[in-house]
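Trainee: Hi! Could we go through a model together, helix packing to begin with and then the empty spaces?
Mentor: Sure, let's pull it up.

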Amino acid sequence: MFALRGVSFTYPGAVTPALGGVELSIRNGEWVALIGANGSGKSTLAKLFNALLIPTRGDCLVCGLKTDNEDNLWEIRRRVSMVFQNPDNQIVASVVEEDVAFGPENLGLPSSEIHERVFDCLCLVGLEEKRRAPTYALSGGQKQRLAIAGALAMQPRCLVLDEATAMLDPQGREDVLKILRDLHKRGMTLVQITHRLDEILDATRVVVLGKGKIAWAGDLAGLFAMRDCFNEWGLEMPPLVRFSRKLQERNLLPKACLPFVKELLENLCP
Ligand SMILES: Nc1ncnc2c1ncn2[C@@H]1O[C@H](COP(=O)(O)OP(=O)(O)OP(=O)(O)O)[C@@H](O)[C@H]1O
Ligand SMILES: [Mg+2]
């Protein structure tokens with residue numbers, strides 16, 4: 001799906017590169033969780049994946065197509081859909097269903113297929129009842145769902161989600177994770193950027209970025225074995241572990257939980 005060879009990227013006017021010498025291959029059907037501290041280069045990498053940014057050094061290939069060749073852009077954007085943290089940046093229409101239809105219309109699909117895709121994708125994200133609503137009247141979480149529906153309506157091979165659940169409530173987050181599990185089962189390649197380790201438990205591979213380089217890559221079991229590095233990588237144990245530790249520090253843990261929590265913390269927290 002993706003092959004990055006010696007990829008560096010420096011923003012115009014910046015002194016230090018946002019990414020330096022990244023080597024990374026992602027196969028079709030993988031679910032890659034991309035994690036790391038603020039400013040480590042995750043969003044920059046995501047934008048290289050569908051040619052929103054072009055490497056300043058090295059090559060980025062999507063399904064074998066080089067992203068620095070403008071003739072490839074159409075094919076690349078058809079295959080890779082992005083969902084960003086801030087949905088306002090990707091909502092283009094004033095009515096919900098028109099927004100989801102925007103991508104498929106650009107593909108020149110027949111209107112019956114566009115209608116079908118729009119309805120299916122809105123159902124998938126639980127927004128079918130809002131299909132005639134004005135987009136400005138949606139909540140942040142609903143806008144995020146709309147952005148996901150719009151990305152899915154392109155029927156891409158790969159979905160890149162850059163903190164796409166950041167504004168969702170716990171149920172909304174679970175809903176999106178369930179959608180991702182279904183898509184992955186159907187063979188879609190997923191690149192999931194998040195700061196929440198409890199959201200990446202279905203990923204088939206984890207890539208940790210640090211200061212614009214790949215700091216570590218491996219599977220989930222390997223990641224949790226590296227917990228001594230979590231502070232350095234800007235990672236944090238999932239909320240329940242954090243919460244339990246805070247309760248323990250304040251002597252607020254119910255007695256019955258103590259042995260269990262003690263063991264949990266000893267095993268999960270360095
Ligand atoms: N438009 C820009 N112009 C100049 N520098 C930028 C720009 N966008 C990002 N950077 C810089 O590039 C580096 C990587 O940023 P990036 O947004 O890729 O990090 P990130 O891992 O996505 O962080 P976060 O977790 O905060 O979203 C940072 O040092 C950032 O300051
Ligand atoms: Mg980011």
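Trainee: Which residues in α5 meet which residues in α6?
Mentor: From α5 there are Arg145, Ile148 and Leu152, and they meet Gly172, Asp175, Val176, Ile179 and Leu183 in α6. Contact here is heavy atoms within 4.5 Å. The residues of this contact divide into five nonpolar, one polar and two charged. Ala, Val, Leu, Ile, Met, Phe, Trp, Tyr, Cys and Pro count as nonpolar, Asp, Glu, Lys and Arg as charged, and the others, Gly among them, as polar.

Trainee: What ground rules should I keep in mind?
Mentor: This is a predicted model, where local features need pLDDT of at least 70 and side-chain atom pairs pLDDT 80 or more, while totals for chains, interfaces and linings use all residues. Residues are numbered from 1 along each chain as its sequence is written, chains are lettered from A and ligands numbered from 1 in the order written, and side-chain values use heavy atoms, without hydrogens and water.

Trainee: Back to the helices: at what angle do α5 and α6 pack?
Mentor: About 15°, with the axes 12 Å apart; α5 covers residues 140-152 and α6 covers 170-185. Helices are DSSP runs (H or I, at least four residues), strands likewise (E, at least two), numbered from the N terminus. The two are therefore roughly parallel, a label for angles under 35 degrees.

Trainee: New topic: how much space lies in the largest pocket?
Mentor: About 600 Å³, the volume being the space filled by probe spheres set on grid points joined across faces, edges and corners. On a 1 Å grid over the protein atoms alone, a pocket is an open set with protein on both sides within 12 Å along at least five of seven lines, a cavity is a set of points where a 1.4 Å probe fits but cannot get out, and lining residues have an atom within 4 Å of a point.

Trainee: Which lining residues lie nearest the centre of the largest pocket?
Mentor: Of its 24 lining residues, those are Ser81, Met82, Phe102, Gly103 and Met154. The lining has 14 nonpolar, seven polar and three charged residues.

Trainee: And which helix gives the largest share of the second largest pocket's lining?
Mentor: Helix α4 (residues 111-124), with six residues. That pocket's volume is about 260 Å³. Leu152 and Leu183, from the helix contact, also line the second largest pocket.

Trainee: How many cavities of 30 Å³ or more are there?
Mentor: One. About 70 Å³ of space lies in the largest cavity, and its lining includes Leu161, Leu177 and Glu199.

Conventions. Axes are lines fitted to C-alpha atoms, for helices over the stretch in contact, and angles run from 0 to 180 degrees between N-to-C directions. Angles under 35 degrees count as roughly parallel, over 145 as roughly antiparallel, 65 to 115 as roughly perpendicular and the rest as oblique.
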